[in-house]
Every structure is written in structure tokens, then in C-alpha cells.
Amino acid sequence: MSVTVQNESAVKAAIADVRNDSTPTDWILLSYESPKSSTLVLVGSGSGGADELSSHLQSGIVGYGLVRKVDRIDDSETVKFAFIQFIGDKVPILQKGRISVHSGDVKKIIGPAHVDIPVATPEEVSDVIVLQKIQDTSGTRTRVLDQAGQRAASGSSSGPSIPRSSSSGAPKGKGDLQFSDEAELKGQIRELRTGGESGPNWLLFGYEGGDSNTITLLGQGTGGVSELASHLNNTTVGYGLVKEIERIDESNTVKFAYINWTPDNIPRMLRARLGTHSGTIQDFLSPYHADIRATTIDEVTEDAVVLAIKKAAGTADHVRAVGGSSGGSSSSSSFRSGVASGAKTTATGGPKVTIPSSGGASSGGVKFVDTVEVKTALQDVRADGTDTNWALVSYEGDSNNLVLVGKGAGGLAELSGHLSNDKVGYGLLRETERVDDSNTVKFVFINFTGENINRMLRARIGTHSGTVKEMFTPYHVDITTSDLNEVSEDNIRGIIKKAAGTGNYVRK
């Protein structure tokens with residue numbers, strides 16, 4: 001069912017006002033007439049920015065917003081637009097299922113934006129957060145500290161400053177968030193940032209008592225990501241900061257990664273409060289070069305952190321050459337941090353990355369029932385001479401056995417038809433990106449974990465990740481999600497363009 005617009009002329013006029021620099025209107029919000037309707041109505045517009053827009057978001061609605069912000073660089077100002085897709089946590093399941101079908105039409109109605117911001121709580125929508133997202137996309141946000149541990153000065157000023165907590169007393173963060181001893185915690189962060197190679201290379205913060213509004217230090221050490229991961233459990237939230245040292249040719253560069261650990265089994269009331277804490281936590285741990293949001297232990301690895309940093313820097317080599325090695329590079333690049341015993345370092349033609357030992361092809365007991373059938377299907381997807389452009393693998397019941405669910409020439413729409421909320425699916429998709437007058441083939445690895453899968457299977461699949469990815473490698477980009485709405489053509493093409501640097505964010 002296609003999207004229609006009630007009072008289309010009024011909606012177009014409101015959008016035009018936001019895009020017109022000479023008007024004070026800087027936001028609009030559209031939503032559905034009712035949960036069962038495909039008709040969009042204008043909820044509101046105004047000049048109070050994202051803060052004002054967020055006041056119109058409710059847990060039972062789907063909202064599509066456009067926000068105008070000014071990004072100031074040196075003495076020049078650049079107007080940027082953010083598209084906000086809000087899906088409240090009380091939106092009916094059937095309505096959620098229609099959102100991915102509507103996404104393309106909605107974006108055509110609202111028009112181009114420099115950044116897309118999908119959110120589920122009003123607290124994730126504010127002027128500070130929207131500006132940060134825009135600056136992260138445009139590369140104008142300063143992320144490097146000076147020797148005093150403050151955000152380094154640069155030649156750019158990007159709009160209003162981002163508030164930082166004071167040096168004494170609990171910061172006035174949203175949701176009454178407090179810190180057990182802010183001065184001491186800041187001292188630990190400063191030590192991490194300024195200490196030498198023999199000093200700590202990770203910190204982990206969490207909630208005092210597991211379910212309070214007070215942040216405290218849970219641990220620190222010199223053993224790198226693997227040691228940090230050993231302090232995570234499935235019932236508490238953790239906020240980590242990890243230091244990595246990248247050696248490029250003869251020089252060392254220090255990089256930091258923020259890890260947001262939110263497992264599925266945390267208390268319901270705590271989960272409801274997390275959105276109100278997000279901005280304060282990120283600001284407290286900023287700046288950092290990359291962020292990782294993880295719900296399973298297998299997502300918190302040295303390999304994952306290094307890849308996130310490289311992606312953020314634009315230096316990631318996403319495709320393995322024949323034989324499994326990365327493509328060559330004109331410079332030698334390697335990362336190092338604390339390495340746990342039992343880890344191995346892979347040496348390839350490209351960057352060297354420390355990867356925890358996987359235990360072989362049957363890691364965690366997972367196995368492919370017919371390896372030849374799966375490999376043949378994946379080869380068909382990769383072969384330009386065939387029409388096959390997708391293949392999907394899933395578990396046989398609740399076992400550890402992986403079987404080929406299907407393959408075809410119908411692209412993502414056909415692949416996604418085989419996904420459901422009670423299944424796990426691992427897919428390979430071939431997409432063709434047209435840049436100027438040439439076509440470039442790109443491969444996407446899709447890791448889909450349905451929200452309603454068996455609890456025991458959910459606990460096991462984290463140990464299967466290495467074996468599964470080894471079968472599906474190489475690919476250019478990957479998407480890990482439990483939301484069917486995110487397995488959409490628009491979302492995947494956006495990820496491909498962002499990774500390739502070919503995204504066109506500005507309307508002609």
C-alpha cells in the first residue's frame with residue numbers, strides 16, 4: 001500500500017519553509033492518520049529546533065521529521081538537513097511491518113537530507129544530538145584532545161557548543177543521571193588518554209548496583225578489548241572506552257573507541273531510562289573516533305573495534321583478495337593494544353588485526369549441513385554471469401545446523417520475504433552501484449536475528465559468528481539487525497554509499 005498525504009499542499013509548503021533559509025521554521029513532523037492508515041498528516045512545524053520537535057513524539061506513533069541546522073566552519077556557514085525516523089516502542093507490530101515499504105515514498109516526500117537518524121525515544125532527539133550526527137557525517141566535529149585532556153582547538157566552529165559536565169558535583173544530565181565521583185572518574189579517563197603504552201588501555205563504566213541512576217567505574221586494565229569483554233555480563237549495562245595504537249609507517253597514532261553494551265536481559269525499567277542518559281554518557285566519554293553498540297559478547301572483540309575505527313577513518317579494507325588476504329596498501333598499518341592469551345595475530349598483505357582464536361570451522365558447535373550447496377549458492381551470487389543476486393542461510397529448527405533457505409534473482413525484496421521475527425538469517429546480497437557512467441558491484445552481508453527467537457538459540461549464536469562470517473567473506477559492508485524495517489533497499493544503499501564515500505547528500 002503506497003503512502004498518501006492529507007492536505008498535500010500544506011505539507012509541501014511546510015517542507016519548503018524548513019528548506020528556505022530566510023524563514024525561521026527549522027523543523028516539521030509528519031505521522032500517520034491512524035495506526036492502520038497509510039495517509040500522512042502534518043503533526044506540526046516550528047522554529048524551536050529538534051528540542052521542540054521531540055516534544056511531539058509519543059510512544060504510540062511513527063514520526064518522520066526534517067530538521068534544519070547550521071554547521072559553522074571557520075567564517076562560513078553551511079545549512080544541513082537531518083531526516084528523523086521515529087518508531088515509538090508501543091507502535092503495533094503490523095504497523096511496524098509496513099514502515100519499510102513506506103520508507104522510500106516518505107523520503108521522496110520530505111526530500112534529501114545530509115544524515116538519517118533512526119530513533120525510538122524522544123530523548124534521542126535534541127539539538128545537541130542532531131548537530132553531533134551532522135558533524136560526524138560531514139567530518140567537522142573535533143574528536144581529538146589536547147595534552148590537557150580538553151577538546152583540541154581547530155579552525156572550525158560548528159554552531160552551538162556541546163555542553164560538558166562541570167568539574168565538581170554531579171552533571172545535570174537528562175534522567176537525573178549522576179556520577180559517583182565525577183572528579184575521580186575524569187581522572188581515570190585522563191590517565192587513559194595521556195598514559196603511555198604501559199598504562200591502562202580500557203575503562204568500563206556502569207550503573208552502581210546495576211539498576212540505579214549513578215554511574216561508577218566497573219573496571220580498568222591493560223589487557224585491551226578482550227579483558228574489557230570479560231567484565232561484561234548479560235544483566236547489566238556497560239559503557240566502555242578503549243585505546244588503540246595504530247602504527248602507520250614509522251609513526252604511532254592513538255585512537256579511541258566508545259563501546260555501548262546493552263544486553264537483551266537488562267531490567268525493563270532501566271532500559272526505559274537509557275535513552276535519557278545517552279547524550280550525557282557520550283559527552284562524558286567524548287571525544288572518540290568510533291562507537292560500537294553491542295548486545296552480545298561476540299560483538300565486543302579486538303577485530304570489531306579495529307574495524308570500526310578503520311571504517312570511521314575511511315581506511316577499512318572491506319574486501320579480501322583471492323586467498324583470503326586483504327588488498328595491498330601503499331603504507332604499512334597495524335593496531336595493537338593488550339592482547340589476551342590464546343589470541344592470534346593474522347599477518348596479511350594489508351593491515352594486521354588481532355583476532356581471538358575461533359576454535360576452527362565448527363566454533364560453538366555450529367556446522368553447515370551441506371557446505372558444498374552453501375558455497376555454490378554464494379559463488380552464484382558473486383558470479384556476474386548469473387542472475388542470482390542473493391542467498392540466505394538459517395538454522396534447522398533450534399539446532400546448531402545451518403542450511404540453505406534459498407537463493408534467487410529477486411534482490412533484497414525477495415530475500416527479506418524469507419525473514420521473520422522467529423528466525424535467524426545470514427544473507428549475502430549483490431547490489432550494483434552506478435557512479436557516473438560506470439557500474440560497480442558491491443556485496444552486503446546481512447546478519448538478521450529475529451526478536452522472538454528461542455532464548456537458548458540466542459545465547460548460542462554469539463559463538464557462531466566467526467564461522468559464519470568466514471563462510472560469507474568477502475563483502476563490502478555488513479548490516480546486523482533484529483528489525484525487519486532496517487532490511488530495506490534505502491537503508492542498504494545508504495550504507496553502501498556511506499562506506500564507499502559516494503553518497504550525494506545535497507539536493508541540486
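The questions below concern the internal cavities of this predicted model.

Trainee: How many cavities of 30 Å³ or more are there?
Mentor: A cavity here is space where a 1.4 Å probe fits but cannot get out. With the cut-off set at 30 Å³ or more, the count is two.

Trainee: How much space lies in the largest cavity?
Mentor: Its lining consists of Glu431, Glu433, Arg493, Ile496 and Lys497. The space within the largest cavity is about 40 Å³.

Trainee: Which helix gives the most to the lining of the largest cavity?
Mentor: Two elements each supply at least two residues of this lining: strand 19 (424-435) and helix 13 (489-500). Arg493, Ile496 and Lys497 are among the lining residues. With three residues, the top contributor is helix 13.

Trainee: How many residues in the lining of the largest cavity are charged?
Mentor: Glu and Lys count as charged, as does Arg, whereas Ile counts as nonpolar. The lining holds Glu431, Glu433, Arg493 and Lys497, along with Ile496. That divides into one nonpolar, no polar and, for the charged class, four.

Trainee: Which helix gives the most to the lining of the second largest cavity?
Mentor: The second largest cavity holds about 30 Å³ of space. Ile281, Phe284 and Leu285 are among its lining residues. The element spanning residues 268-285 gives three residues, and that is helix 7.

Trainee: How many residues in the lining of the second largest cavity are nonpolar?
Mentor: The lining is made up of Phe179, Phe205, Ile215, Tyr239, Ile281, Phe284 and Leu285. Phe, Ile and Leu count as nonpolar, and so does Tyr. No polar and no charged residues occur in this lining, and the nonpolar count is seven.

Methods: Residues are numbered from 1 along each chain as its sequence is written. This is a predicted model: local features need pLDDT of at least 70, side-chain atom pairs count only at pLDDT 80 or more; totals for chains, interfaces and linings use all residues. Side-chain values use heavy atoms; hydrogens and water are left out. On a 1 Å grid over the protein atoms alone, a cavity is a set of points where a 1.4 Å probe fits but cannot get out, and a pocket is an open set with protein on both sides within 12 Å along at least five of seven lines; lining residues have an atom within 4 Å of a point. Grid points are joined across faces, edges and corners, and a volume is the space filled by probe spheres set on the points. Helices (H or I, at least four residues) and strands (E, at least two) are DSSP runs, numbered from the N terminus.
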